[in-house]
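Hi,

Here's the structure I promised to pass on. Have a look at it first, then read my notes below.

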Amino acid sequence: MTAPVVVMEKTDKRDFLTAIEAKVQTSWQSAHLFEVDPPCLPENVKSYTDFFATNQSMADVQAKHPKWFGTFPYAYMNGAFHLGHAFTISKIEFAAGFERMRGKRVLFPLGYHVTGMPIKTSADKLVREMEMFGDDFSGYSEDAEVAPTATVAVKSLESIDPSKAKKGKLNAKSTGLTYQFQILELLGVPRDEIKQFADSQHWLHYFPPIAKHDLDGLGARIDWRRQFLTTNANPYYDSFVRWQMNKLHQQGKIKFGKRYTIYSPKDGQPCMDHDRSSGEAVNPQEYTAVKMQVLEWGPSMPGEVLQAIGGRTVQMVAATLRPETMYGQTNCFVGPTLEYGLYEASDTELFLITERSARNMAFQGTFDRPRGVVEKVASIKGADIIGTKVRPAFGLVTEVFVLPMEGVLATKGTGVVTSVPSDSPDDYRTLMDLRKKPEMYKIRPEWAAVNPIPVLSTPKYGDMAAETLCTQFKIQSQRDVKQLAEAKDLAYKEGFYNGTMTIGDFKGLAVAEAKPKVRQQMIDQQLAVAYAEPESEVISRSADVCVVALADQWYLDYGEEEWKAAAKNLLARMNTYLPETRNAFEAVLDWLNQWACARSHGLGSKLPWDPQFLVESLSDSTIYMSYYTVANLLHKDMWGAEPGELGITADQMTDEVWEYVLGSAAPPSTGISPESAAQLKYHFQYFYPLDVRSSGKDLIPNHLTFWVYVHAALFPEHHWPRAVRTNGHLLLNGKKMSKSTGNFLTMNDATKKYGADAMRLTLADAGDDISDANFEETVANAAILRLHTAVLWAEEMKNVSSTLRQGELNEFDRGFQAEMDTLTRGAYDAYEKMEYKTALKLGLYDYENARNWYRTVSSPDNGGSGMHRDLVFAFIRNNALLLAPFTPHFSEHIWQTVLGESSSVQTAPFPKPTSNPDKSTLQQLDYMRGVVDSIRSAEALVARRKGGKGKSEAPYDPSRPKCARIYVASDFPTWQKDGLAIVRGCWNASNNEFDEGKMKADLAGAGLIKDKRIMPFCQGIKRKVLADGEAAFDRSLPFSEINALILLKPYIQASLKFQQCEIVEAQGEMTDGWSQERADSSEPGTPAIQFWNQQ
């Protein structure tokens, strides 16, 4: 187990903050602050029906009363929210807080997803575990624990690792636990209550209230009136899904037919993404399974295998993605260490393939046997097949031999590999290895005697692409895996996109055009069959290793050209914030096609026209954001058990009503009253479209792309989503979260440990791009101290306010005001772009640093005149507001307790800058901060020098009374001005490039080239120009340096404890005791300092 990064030994500061949070949350809830409705009807519009009957403009309503609607994907209710959920939620939560400050009606709702197999599977597991261990699981013993073993069955295959999982709430992989009752215990469910979870409905009652509790504890600005459960558990939502599916069916978007799908034999139905323990986003990979008839067995074939064959024809079957190259087969490969089998394809034909591929074929109609039945005749070791003679389909050489290949995988294809060494770098290199050392590989030389046969030609690699690329990449062995993979990718892409067939019936055709024609020829001549398998292993939540089945099913025809074009149009109009997000969507849109939208088992809404099926869990979750807009009017609770304020019953929400409310149909003729229907429509049209959706990037290949597709199909363009923001996974302390190692926090754990605001600050600090972010517990711990200190300081300022300076602003006041204005403007821009780490830096860290400098430089102890009261309270007010999206509890406390405001900070506007800060004021401020640090560093450097022979200055001892003289230059040295002029003369403004040759020649001509200082100087100027453009040539200061230093002199003298501090101009000859060397070394913006001890 990983030791905790932060152990909370003293919790008084955290407890102080959490007490504030609890008080503030209670006040928000009692005030119903986050419940939001559309504005009242426009003036002179008497009713909702009138609004639509008179063609009133909803755009005008939204312009007068701006709205913002944001969501994140509702989570699956088989566990508590963890920190990763909190991270994704925080993006919408921060945006909701900011948009409220922009004066908008902000809607942030949340529902609960319970559709599909996960809950049903978990409940079924508990039933089996109760049979094994008893209702109270008292029969379980850790000593006797045996993990479920893998078995090869006709219709199911248990995963060798039943805890394997890619993602989820608290799955077995993340916990290291085997049994479902253990996982529930880990979630905090008392053992004596666990038996209730054997009823899948109990999960629906148990986890949603926990989710609400945890989000309330976080301080989330959620309108809970709109919560709902999916499936027919809520009849209103069930009617909404029915309308959605019926409309897609009527549009021809949902079709029926045989198609390849990922399938769980154990569950007896398709296994879609949300039904998977691992393998999310894995799709069927289609191959051509090429037959190679065995003509003569190799010398090592066991006699019992020959006897089992019994005179039947044996086909070695290889899965290939390149049927057009089969003309060039020179041999066949098998893995010598792999286990193969002979499987009955019919009464007269056997397939020699791996068990995995046989299991896939059994569900694709390949075998002349009942669906799912695999009849194995014999097992064969790969080594025993070597030397077998086969007839390759379409091969120009009609008889070739089976040879060994080290890289053949049992988890890919059929375990039998065709060899076309003219076009495949792997095949070419393996064949050359075998020829070079036949004894080592235990083959006869004549078995590898056939030379590579050209089948296609490309402009780049000719007709022997494999040999060319192996030479180019210096590939010496079949074990050069990395180089071979790169060479293979190049060969296959060049061949497909630019290749031309040089042989066969389609000679002269482009490879891309010939490929499907050759494939169909082979299938028509019964020399090949269609075959598909999962791209990689998929494990169902019932621990079944899934296959690809050819099944009759209802499916959404994603990928249909017209629909895809509409989806791409929607994406093009949508703000994705990050280019990586847009690129990921575009890639999915290019490959996504048919998706099974129905299943037989689990939880869900029934498919309206075929009620033997349930709507699949990713297909009932595409446009539910629109349901949020009316949910509170339809029902009062998440179950839909009690009708909402309009008194509408679920059975009244017919397709006709939904089509009017969400679509463009005429008012419904029966059912609910026209006014109620119009009110529903008004609420929907006010809040739609969705302004932004926040999600993990892992949902782009499925849910988010389906969301795009279905919105494009069912809604007009003005109701299409406006933006989507995706994030990476969340690491905890730089490592992947894992319950088994102890590196794991639920949302509630983190809130209890650090408090809501400190946790929220850490989530904001974790990162904003699509790469994995990091929640650092040390940051959360530091945030507690920072917030606690901020509260105490603000309260202190309130108590001493009468002693603070008033009246005219001085130079330091104006600098502080300018910096606050600049940071406020920058934070606003960052919030608007959803760049929260930047907003946090500007609104918290930089804002506090500005206050700290102002407080320090204004302190009477440092020669200052004290802080100005107006600026102190402007800082407190603005700081509370700038942080309100992140730390709403802290901000509320400051707002009401310190500032005395009677309203909630949740209704306060974002702070506005007092003016446009003068650039020179800000640059002078940066200069003053920097020059103090420079003086301090220079003093430390001088103090380390020992003085002595040859030194022009006496040793300096900073512990004795000390003095400083600061030399300020009004102009740059001549060599720098000349060098700058030469660099500028070699710069091309049109392309921002420099003529290096001319620059060196001009420097030499000016006699500067031998000066060791000139080249580093010129290169520095170049870098600045390349970054900032022509403005970099202007090195002048926009303020008076000597006046700035005179203003700063009291602080310098007091803070560095100088007995005497002089500010002098570095001009002409220096008087006695003044350093000519220091004067000459000073430059504008870089003063030189002379230190000495007072005698």
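**Two helix pairs and two annotated domains**

Helices H29 and H30 cross each other in a left-handed way. Keep in mind while you browse that this is a predicted model.

Let's stay with that pair for a bit. H29 runs over residues 869–883 and H30 over residues 888–898. Their axes are 8 Å apart, and the packing angle is about 150°. Angles over 145 degrees count as roughly antiparallel, so H29 and H30 are roughly antiparallel to each other. Which residues of H29 and H30 meet? On the H29 side you'll find Ile876, Arg877, Asn879, Ala880, Leu881 and Leu883, and across from them in H30 sit Pro888, Phe890, Ser891, Ile894, Trp895 and Val898. Sorted by class, that contact has 9 nonpolar, 2 polar and 1 charged residues.

Now try the other pair, H25 (residues 756–765) and H26 (residues 777–799). Here the axes are again 8 Å apart, but the angle is about 125°. That angle makes H25 oblique to H26. The crossing of H25 and H26 is right-handed, whereas the one between H29 and H30 is left-handed. From H25, the residues making the contact are Asp757, Ala758, Leu761, Thr762 and Asp765; H26 brings in Val779, Ala780, Ala783, Ile784 and Leu787. By class, you get 7 nonpolar, 1 polar and 2 charged residues in the contact of H25 with H26.

Next, what UniProt has to say. An unreviewed entry there puts "domain: Aminoacyl-tRNA synthetase class Ia" on residues 201–775. In the model, that span is 34% helix and 20% strand, with its end C-alpha atoms 35 Å apart. UniProt, again from an unreviewed entry, also lists "domain: Leucine--tRNA ligase RagD-binding" at residues 968–1036. Over residues 968–1036 the chain is 54% helix and 7% strand, and the C-alpha atoms at the two ends are 14 Å apart.

One last helix to zoom in on is H33, which covers residues 996–1005. What caps the N-terminal end of H33? Look for Asp995: one of its side-chain oxygens lies 3.3 Å from the backbone nitrogen of Gly997. After H33 comes Gly1007, which has a positive phi, near 75°.

So if you open the file, start with H29 and H30 for the roughly antiparallel pair, then turn to H25 and H26 for the oblique one, and finish at Asp995, the cap of H33.

Cheers

Terms used. Residues are numbered from 1 along each chain as its sequence is written. This is a predicted model: local features need pLDDT of at least 70, side-chain atom pairs count only at pLDDT 80 or more; totals for chains, interfaces and linings use all residues. Side-chain values use heavy atoms; hydrogens and water are left out. A polar contact is a pair of N or O atoms within 3.5 Å; within protein, one must be able to donate a hydrogen and the other to accept it, and residues adjacent in sequence count only if both atoms are side-chain atoms. Helices (H or I, at least four residues) and strands (E, at least two) are DSSP runs, numbered from the N terminus. UniProt positions are given in the numbering used here, feature names are shortened, and annotations may be inferred rather than shown by experiment. Axes are lines fitted to C-alpha atoms, for helices over the stretch in contact, and angles run from 0 to 180 degrees between N-to-C directions. Angles under 35 degrees count as roughly parallel, over 145 as roughly antiparallel, 65 to 115 as roughly perpendicular and the rest as oblique. A crossing is left-handed if the near helix is turned anticlockwise from the far one by less than a right angle, and right-handed if clockwise. Contact means heavy atoms within 4.5 Å. Ala, Val, Leu, Ile, Met, Phe, Trp, Tyr, Cys and Pro count as nonpolar, Asp, Glu, Lys and Arg as charged, and the others, Gly among them, as polar.
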